[in-house]
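Below are my notes on the model, set out as numbered points. Please read them with the structure open.

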Amino acid sequence: MVIMTISTDVPYGPRVATNGIPASKMRVFLVQTAQGLTPSSGGYKANVNLLRQLRLLGHDAAQICYGFEDEVEKYAELARAKGVEPNVTNHSALPVVDSKGNQHQLDVKTFMDEHGIHNIVISRVPFNEAYPTREFWQDTKDYLEERSITQRMQTLIDIFSEHITAYRPTHVVFNDPVTMKVTADHALRTTFKRINVIHTAEQLPFGPYCNGILGHCSSPEVEDRLLRELEGIWVVSKAIGDYAWQYGRLKTTFLVHSPLTYLDARTGGMPVQRYNIDKFEVGMVNPCPHKGLSILVELAKRLPQIQFVTWSSWGSRGKHLDQLKALPNMKVMPTTSNTDEIWDRIKVLLAPSVWLEAWGVVVTEAQLRGIPVIASNAGGLKEAKIDLPYCLPVNVVTGDKHENGDYIVPEQNIDLWEDAVLRLMTCKQNYDRVARATAQGSVKWLNGLDPRAHEKWFLGMMTA
């Protein structure tokens with residue numbers, strides 16, 4: 001295993017004053033929207049690893065998130081194994097009434113995880129029952145536009161507000177409009193800085209992709225105003241920053257994900273590099289229309305001699321998976337939180353997105369393990385490829401949608417994709433060259449990142 005070395009004055013340790021305390025200790029509070037303590041979302045991974053990075057640098061961190069009952073106990077056991085007392089606390093169940101008048105009990109638990117992050121966990125199952133996506137979108141819209149607030153929305157507002165008050169943060173980080181308004185109206189508003197993380201163009205209240213995914217951007221005018229009142233807007237790629245400026249003249253700060261996002265979670269070093277030259281499957285994660293489902297399907301049809309495997313994720317619906325299951329050379333796997341299952345199995349990764357991809361965490365993860373990636377040049381994927389082969393052109397979505405809400409995907413030229421797959425899957429000499437270049441190039445790239453970049457930015461807000 002290769003261990004990453006980062007050239008800093010105090011690698012991964014807190015910047016300390018003479019008394020041994022971080023020179024400017026922060027208390028960073030994160031609100032997560034991805035569900036589960038171990039979801040497959042790249043945005044969630046980036047968010048939580050930002051907190052872990054800040055903890056390693058000597059700062060305090062907390063998050064509100066959604067989780068299953070067994071996840072809390074699992075993470076509490078991991079904390080105990082590392083010598084951290086989790087202090088699992090059950091808070092009073094909160095009654096929530098849905099649109100049909102049915103009452104649900106929303107459980108809230110708190111615990112300290114192995115990284116020293118304070119977790120506030122809202123029970124996932126009753127939340128999803130009480131807050132259906134379309135209804136929650138409308139509740140959010142009414143709240144932002146200061147219309148009548150439903151009882152269930154008021155309960156969620158109170159949870160967020162009360163835990164922010166109890167934690168007394170120096171910074172609140174989020175990527176949802178509810179938290180943006182909760183913090184704007186909060187009694188302690190002047191005591192903390194607010195940062196919105198833009199993980200998708202659909203979050204932004206302008207441009208062709210505004211509200212392109214259900215649940216995003218319910219009140220563009222209000223959200224645009226609230227965004228411009230923030231101390232920080234973090235974009236995870238230059239592509240998203242360019243989009244924000246082009247369509248909204250919105251100033252943003254571009255920072256690559258925290259380096260910890262890509263290090264081995266167990267060792268803290270570089271991930272184990274594979275050499276999968278003798279494997280036989282082409283893999284893809286999260287098959288759905290805007291992630292390039294049509295390209296994957298056409299490749300499988302054109303190349304019956306090649307075996308493909310996919311792992312479902314947040315964008316994969318039943319009809320998409322059924323389409324794949326009908327192909328004789330396609331295997332469909334359930335979502336996995338253990339990505340080693342993917343890296344140990346595939347020879348090549350496909351990332352054929354046709355929307356404005358923010359970055360593509362899975363691309364970086366694969367490349368660091370020496371697995372060649374054939375990606376599109378859509379959005380931030382070109383940046384994630386860091387000039388490694390292969391990065392292929394696609395016709396991106398325009399923002400137009402079908403009646404069912406899916407983006408209308410333009411016709412694609414599959415020839416280049418077919419050629420790239422064949423080059424990697426049938427020519428060992430070419431695979432060896434690309435795999436070695438991928439491993440070396442990605443390690444060099446990660447070594448060049450500043451693990452203090454986010455810390456410096458956050459601290460700068462405190463003195464501005």
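1. E146 is a good place to begin. This is a predicted model, and in it E146 has a relative accessibility of 61%, so the residue counts as exposed. E146 sits in the loop between α4 (133-144) and α5. Its phi is near 55 degrees, a positive value in a residue other than glycine.

2. N87 can be read alongside E146. N87 is not a glycine either, yet has a positive phi of about 50 degrees. The residue belongs to the loop between α2 (69-81) and β3. With a relative accessible area of 51%, N87 is exposed; the cut-off for that class is over 50%.

3. A further backbone feature concerns P389 and Y390. The peptide bond that joins these two residues is cis, with omega at about -5 degrees. Y390 is located in the loop between α13 (381-384) and β17.

4. The chain as a whole has 16 helices and 17 strands. What radius of gyration does the chain have, and what would a compact globule with 464 residues have? The chain has 22 Å and the globule would be near 23 Å, so the two agree. Along the principal axes, the C-alpha trace spans about 65 × 55 × 45 Å.

5. Of the 464 residues in the chain, 56% are buried. The accessible surface amounts to about 19,600 Å², and carbon and sulfur atoms account for 51% of that surface. Taking contacts between residues at least 6 apart in sequence, 67% join residues at least 24 apart. As for charge, there are 49 positive and 51 negative charges, and their mean positions are 5 Å apart.

6. One open sheet has nine strands with mixed pairing, in the order β3-β6-β7-β2-β1-β8-β9-β10-β11. β3 and β11 (253-254) are its edge strands, and each of them pairs on one side only.

7. The edge strand β3 covers residues 89-90 and contains N90. Is N90 buried or exposed? Its relative accessible area is 56%, so N90 is exposed. Leaving aside neighbours within four places in sequence, N90 is in contact with V108 and K109. V121 is 31 residues from N90 in sequence, and the C-alpha to C-alpha separation of the two is 9.9 Å.

8. Within the nine-strand order, β9 is followed by β10. Strand β9 (residues 193-198) and β10 run parallel and are joined by four bridges. I195 stands opposite G232 in β10, while the bridge partner of I198 in β10 is V235.

9. Strand β10 (residues 232-235) deserves a look from both faces. In a regular strand the side chains alternate between the two faces of the sheet. Here G232 and W234 point one way and I233 and V235 the other way, and all are buried. The cut-off for buried is under 20% relative accessible area.

10. A second open sheet has six strands with parallel pairing, ordered β14-β13-β12-β15-β16-β17. β14 (330-333) and β17 (391-392) stand at its edges; each has a single partner strand, so one side of each lacks a neighbour in the sheet.

11. Which strands pair with β13? Strand β12 (residues 281-285) pairs with β13 in the parallel sense over five bridges. β13 (residues 307-311) is also joined to β14 by four bridges, and these two strands run parallel as well. W311 of β13 takes part on both sides: W311 is the bridge partner of V285, and M333 in β14 is the bridge partner of W311.

12. Why can β13 be called largely enclosed by the rest of the structure? Four of its five residues are buried, and the description follows because of that.

13. Last, a point on helix α5, which covers residues 151-167 and contains E162. E162 has 53% relative accessibility and so counts as exposed. Between E162 and H186 there are 9.6 Å in space, C-alpha to C-alpha, and the two are 24 residues apart in sequence.

Notes:
Residues are numbered from 1 along each chain as its sequence is written. This is a predicted model: local features need pLDDT of at least 70, side-chain atom pairs count only at pLDDT 80 or more; totals for chains, interfaces and linings use all residues. Side-chain values use heavy atoms; hydrogens and water are left out. The radius of gyration is taken over C-alpha atoms; the globule rule is 2.2 Å times the number of residues to the power 0.38. Buried means under 20% relative accessible area, exposed over 50%, partly exposed in between (1.4 Å probe, protein chains only). Contact means heavy atoms within 4.5 Å. Accessible areas come from the Shrake-Rupley method with a 1.4 Å probe; for residues, only the protein chains shown count as cover. Lys and Arg count as positive and Asp and Glu as negative; His and the chain ends are not counted. The place of a charge is taken as NZ of Lys, CZ of Arg, CG of Asp or CD of Glu. Two strands pair if DSSP finds at least two bridges between them.
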